[in-house]
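Thanks for making time this morning. I would like to walk through one model with you, and please have the sequence and the structure open while I talk.

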Amino acid sequence: HPELIIAEDYQDLSRKAALRVAEQIKKKPTTVLGLATGKTPLGLYRELIRLHQEEGLDFSRVKTFNLDEYYGISPEDKRSFHYYMWENLFKHLNIPRGNIHLPDGGAQDIEEECRRYEEAIREAGGIDLQVLGIGSNGHIGFNEPGTEWGSLTHLAKLTPETIKDNEEEGGEGIPGFALTMGIKTIMRANRILLLAYGESKASIIARALKGPVDKSVPASILQLHPGLVVIVDKEAAKFL
Ligand code: GLP
């Protein structure tokens with residue numbers, strides 16, 4: 001049932017994803033976006049910056065909520081998702097600082113921070129469009145295999161596999177814990193844009209979209225989301 005788009009390559013995937021996001025913002029200038037980090041959305045962010053700079057796509061009333069942030073490091077830390085988001089997207093757009101939200105990985109009171117984050121999403125009116133990547137073990141956000149379907153924003157322990165994957169991108173010494181939106185937080189979004197590219201994602205994308213809905217593959221729950229759009233490149237689509 002999900003709308004499945006098979007792109008020619010990564011550039012094509014990034015353009016198609018950006019068009020979806022741009023359409024959403026034009027339709028509703030006060031759109032609330034859910035955003036992801038990792039390698040996958042970098043091309044999408046590059047395209048959004050281009051659409052802003054060359055075509056005047058307006059972010060002045062857009063609000064954003066990121067999926068997750070490492071626990072125990074400051075926003076200025078180069079390993080943080082705060083840093084990633086500012087460098088790769090926010091500093092290039094006309095989005096007001098106050099409209100940008102990420103979990104605070106340096107918070108003293110974790111439970112309070114998780115509650116605060118959920119409340120902020122609710123106050124903004126909920127997420128209109130959530131951008132998602134997928135981990136090689138099927139995680140979404142940092143919801144690792146076994147996470148409860150009913151989970152809200154919480155402190156998650158990362159698997160050794162996830163730490164290894166993310167160290168390949170973000171350098172040495174990735175924290176072992178993160179604050180992440182829960183599965184239920186993600187499923188509450190009105191629409192979800194799931195992106196994956198490259199052969200290394202082919203088997204997990206097939207398990208997520210065609211396999212049983214099971215907690216061992218957190219992304220499999222997305223099969224039950226009525227507003228799911230999947231954009232993959234040819235390589236990631238190999239087993240679909
Ligand atoms: C990270 C992030 C996820 C991301 C995933 C895939 O751990 N927490 O939000 O989707 O891993 O990353 P990549 O796009 O680099 O493959």
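I will take the ligand surroundings, then one helix, and then a set of strands.

Please keep in mind throughout that what we are looking at is a predicted model.

Let me begin with the ligand, which is surrounded by 15 residues, the closest being A36, G38, K39, T40 and G133. By character this shell comprises 4 nonpolar, 8 polar and 3 charged residues, and the element that gives the most to it is helix α5, residues 160–170, with 3 residues.

Turning now to helix α4, residues 110–123, its 14 residues should span 20 Å at 1.5 Å a residue, and this agrees with its end C-alpha atoms, which are 20 Å apart. Which residues of α4 are buried? They are E113, C114, Y117 and I121, and because they cover an arc of only 100 degrees around the axis, they sit on the same side of α4. Among the elements that cover these buried residues are β3 (63–66), β7 (154–157), β8 (177–180) and α6 (183–187), whereas the face of α4 turned away from the buried side carries the exposed residues E111, E112, E119, R122 and E123. After α4 comes G125, with a positive phi near 100 degrees.

Finally, the strands: β9, residues 191–196, is mostly covered, with 5 of its 6 residues buried. Strand β6, residues 129–132, runs parallel to β9 and is joined to it by 4 bridges, with L132 standing opposite L194 of β9. Strand β10, residues 228–233, also runs parallel to β9, through 5 bridges, and here I192 has L228 as its bridge partner.

Notes:
Residues numbered from 1 in each chain as written. Predicted model: local features only at pLDDT ≥ 70, side-chain atom pairs only at ≥ 80, totals over all residues. Near = placed C-beta within 6 Å. Helix = DSSP H or I, 4+ residues; strand = E, 2+ residues; numbered from the N terminus. Nonpolar A, V, L, I, M, F, W, Y, C, P; charged D, E, K, R; others polar. Expected span 1.5 Å × (residues − 1). Buried ≥ 20, exposed ≤ 12 C-beta atoms within 10 Å, placed from the backbone. Arc of directions from axis to C-beta. Contact = placed C-beta atoms within 7 Å. Pairing = 2+ DSSP bridges.
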